[in-house]
Amino acid sequence: MLSEEKSDETDINHQQIPEIFEKSTQSETMAPSLTTEALPKPATDELNWSIFAFELDLKALARQIVLNCVVSEYTDSELKLSYHSDWEVMLKPDVRQQIKQAIEQQLGVSLTLEFESSERLEMETPHQADLRKQEFERQTAIQQIHQDPVVQQIKTTFGAELIESSVKKRIDAL
């Protein structure tokens, strides 16, 4: 974690986030890489889709598709989800039905579910929101490490610097 070489510091801001979409190593990152110039704005919909999508009882491909959709319209009887056109080939009728059933079960209502392909999504997907949150937490951890008195003493004594790219969330195995 500490090295005598200084690495570039990075701030968490929307312009640097797309880079992690291509580099993320989480198991839920099968999404097509983003190549948009600007990061989509955070979603603000009635369903709170960025949280709701993670709560759906879906697995595998259906889960990946849901996590990479945004709500474009929602009423009591209809839900329209937009997805990046890269997902088109994978959105088969059986996957659509799995998604519809999971949403209806979670909401406790019957509804019409439509999917809409788009070359560019205007809102942040649940997957993107999760990656943004993870990066924010990582940057917070980096700041805390920099402020740690022991780390500061090692830096002063040995001229060491923190290799920020080595800071990763620790996942405890049970």
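This section describes the fold of a predicted model and the packing of selected helices within it.

The chain comprises six helices and five strands. Their order along the sequence follows the pattern β-α-α-α-β-β-α-β-α-α-β. Of the 174 residues, 36% are classed as buried. Among contacts in the chain with a separation of 6 or more, 71% are made by residues 24 or more positions apart. The exposed surface of the chain amounts to about 11000 Å², of which carbon and sulfur atoms contribute 49%.

Strand 3 (residues 78–84) and strand 4 (residues 112–118) run parallel and are joined by seven bridges. Within this pairing, Tyr83 is placed opposite Ser117 of strand 4. The connection from strand 3 to strand 4 passes through helix 4 (residues 93–107), and the resulting β-α-β crossover is right-handed.

Helix 4 itself contains 15 residues and spans 21 Å between its first and last C-alpha atoms, close to the 21 Å expected at 1.5 Å a residue. Its buried residues are Val95, Ile99, Ala102, Ile103 and Glu104. These buried positions pack against helix 2 (49–55) and helix 3 (60–67), as well as against strand 3 and strand 4. Helix 4 is thus in contact, through its buried residues, with both of the strands that it connects. Immediately after helix 4, Gly108 adopts a positive phi of about 75°.

On the other side of helix 4 in the sequence, Lys92 occupies the loop between strand 3 and helix 4. Lys92 has a relative accessible area of 43% and is therefore classed as partly exposed, given that this class covers the range between 20% and 50%. Lys92 and Ala62 are 30 residues apart along the chain, and their C-alpha atoms are separated by 9.7 Å. Ala62 belongs to the buried residues of helix 3.

Helix 3 is largely enclosed by the rest of the structure, because six of its eight residues are buried. The buried set consists of Ala62, Arg63, Gln64, Ile65, Val66 and Leu67, and it includes the charged residue Arg63 alongside Ile65 and Val66. The packing partners of these residues are helix 2, strand 2 (69–74), helix 4 and helix 5 (126–147). Ala60, which also lies in helix 3, is by contrast exposed, since its relative accessible area of 59% is over the 50% limit for that class. The phi angle of Ala60 is near 50°, a positive value in a residue other than glycine.

Helix 2 is a packing partner of the buried residues of helix 4 and of those of helix 3. Two aromatic pairs are found in a search of the whole structure. One of them is formed by Trp49 and Phe52, with a distance of 5.7 Å centre to centre and an angle of 35° between the planes, a tilted arrangement. Trp49 and Phe52 both belong to helix 2, where they are three residues apart, about one turn of the helix. Both residues of this pair are buried.

Note on methods
Residues are numbered from 1 along each chain as its sequence is written. This is a predicted model: local features need pLDDT of at least 70, side-chain atom pairs count only at pLDDT 80 or more; totals for chains, interfaces and linings use all residues. Side-chain values use heavy atoms; hydrogens and water are left out. Two strands pair if DSSP finds at least two bridges between them. Helices (H or I, at least four residues) and strands (E, at least two) are DSSP runs, numbered from the N terminus. A crossover is right-handed if, with the strands pointing away from the viewer, the path from the first strand over the helix to the second runs clockwise. Buried means under 20% relative accessible area, exposed over 50%, partly exposed in between (1.4 Å probe, protein chains only). Contact means heavy atoms within 4.5 Å. Accessible areas come from the Shrake-Rupley method with a 1.4 Å probe; for residues, only the protein chains shown count as cover. The expected span of a helix is 1.5 Å times one less than its number of residues. Rings of Phe, Tyr and Trp (its six-membered ring) pair if their centres lie within 6.5 Å; planes under 30 degrees apart count as stacked, over 60 as edge-to-face and the rest as tilted.
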